[in-house]
Amino acid sequence: MIAIPLITAVVAGAGWRASFFVLVLLSLIPLTLVWFFTSDEPRGSRFANAAEVEYIEAGLRAEQQASTPGQSSFAFLRDMRYWLIVVAFLCSAGMFWGVLAWLPAYLKTARGFSWAQMGSLATLPYVAGVVTIIIAGIVADRMQRNKAILPVIALFGAAAGIWASVHAADNTTSALAMTAAIASLGIGLATYWTMMQAIVAKASVGVAAGVMNGVASLGSAGIPALVGYLIASNGGSFTAGLSFLVALGVVGGLCMLVLFVTRR
């Protein structure tokens, strides 16, 4: 959210190469924090007192004792509900990274916004996304079951927002529709993880989360390139590329709709 106007200002003032040097410098901040302020084990932390260390280690021992001996860590792979969530999360991640990669170019090239305008407008969707993530998280915590409705709203809403942005007659409406699309994705973001943890055995949550995130990351990594290919193949028109993102939203929304209708 903060980086978009910062980087666009650097590009506008000093060129795109300068933005890469700025990003290198920024990456040193978390690297330094991780190196000096984290530890592999609770007892290795300089910031945890004895009571905190004992509390954490007691929880780890309880989890280990509660695990069922001989239980396969990969039993969740046979659960269709799990894969519906994975596919929906993949679609959500693909839409996010597809928009993230191409939104600046879309606003500037297809809609004719200046660098300064583009920086502000490209930030707005993520400001709205922060708000929807927090609100949806509060709502999800109060829902006892059938939380799949939130990803249904998120994915279909994001698809509708991108479609409206592409077909909007004026530039301002297009930018606002894209803002609504990113904000909609935030509605379901936390729910994928809570739903996954509700259907996976406690001892397998780490593995299941890794598979889910790995599939989504691997699958969505090529989405920006595919969107770019569709744009280039259609004479530079963004319609085909962004329409593909709309299709992802529909597919993911249908997966979550199945879970919602079956009340699982």
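This passage describes a helix bend, a nonpolar surface patch and the cysteines of a predicted model.

Helix H4 spans residues 80-110 and bends by about 45° at Trp 102. A proline, Pro 104, follows the bend within four residues. After helix H4 comes Gly 112, whose phi is positive, near 75°.

On the surface, a nonpolar patch of about 960 Å² is formed by Leu 6, Leu 23, Leu 26, Ile 29, Leu 33, Trp 35, Phe 36, Phe 37 and Phe 47. The greatest contribution to this nonpolar patch comes from helix H2, residues 16-37, which supplies 7 residues. One of the patch residues, Phe 37, is located in helix H2. Phe 37 has a relative accessible area of 46% and is therefore partly exposed, since that class lies between the limits of 20% for buried and 50% for exposed residues.

The cysteines were examined for disulfides. A disulfide is a covalent bond between the sulfur atoms of two cysteines. In the model, a pair of cysteine sulfur atoms must lie within 2.5 Å to be counted, and the number of disulfides found by this rule is 0. For Cys 91, the closest cysteine sulfur belongs to Cys 255, at 6.2 Å, which is too far for a bond. Likewise, the cysteine sulfur closest to that of Cys 255 is in Cys 91, so the distance of 6.2 Å again rules out a bond. Cys 91 counts as buried because its relative accessibility is 4%. Cys 255, with a relative accessibility of 12%, also counts as buried, because the limit for this class is under 20%.

Definitions and conventions:
Residues are numbered from 1 along each chain as its sequence is written. This is a predicted model: local features need pLDDT of at least 70, side-chain atom pairs count only at pLDDT 80 or more; totals for chains, interfaces and linings use all residues. Side-chain values use heavy atoms; hydrogens and water are left out. The bend at a residue is the angle between axes fitted to the seven residues ending there and the seven starting there. Helices (H or I, at least four residues) and strands (E, at least two) are DSSP runs, numbered from the N terminus. Patches are made of residues with over 30% relative accessible area and no salt bridge: like charges are joined within 9 Å, nonpolar side chains (Val, Leu, Ile, Met, Phe, Trp, Tyr) within 5 Å. Accessible areas come from the Shrake-Rupley method with a 1.4 Å probe; for residues, only the protein chains shown count as cover. A salt bridge is a side-chain nitrogen of Lys or Arg within 4 Å of a carboxyl oxygen of Asp or Glu. Buried means under 20% relative accessible area, exposed over 50%, partly exposed in between (1.4 Å probe, protein chains only).
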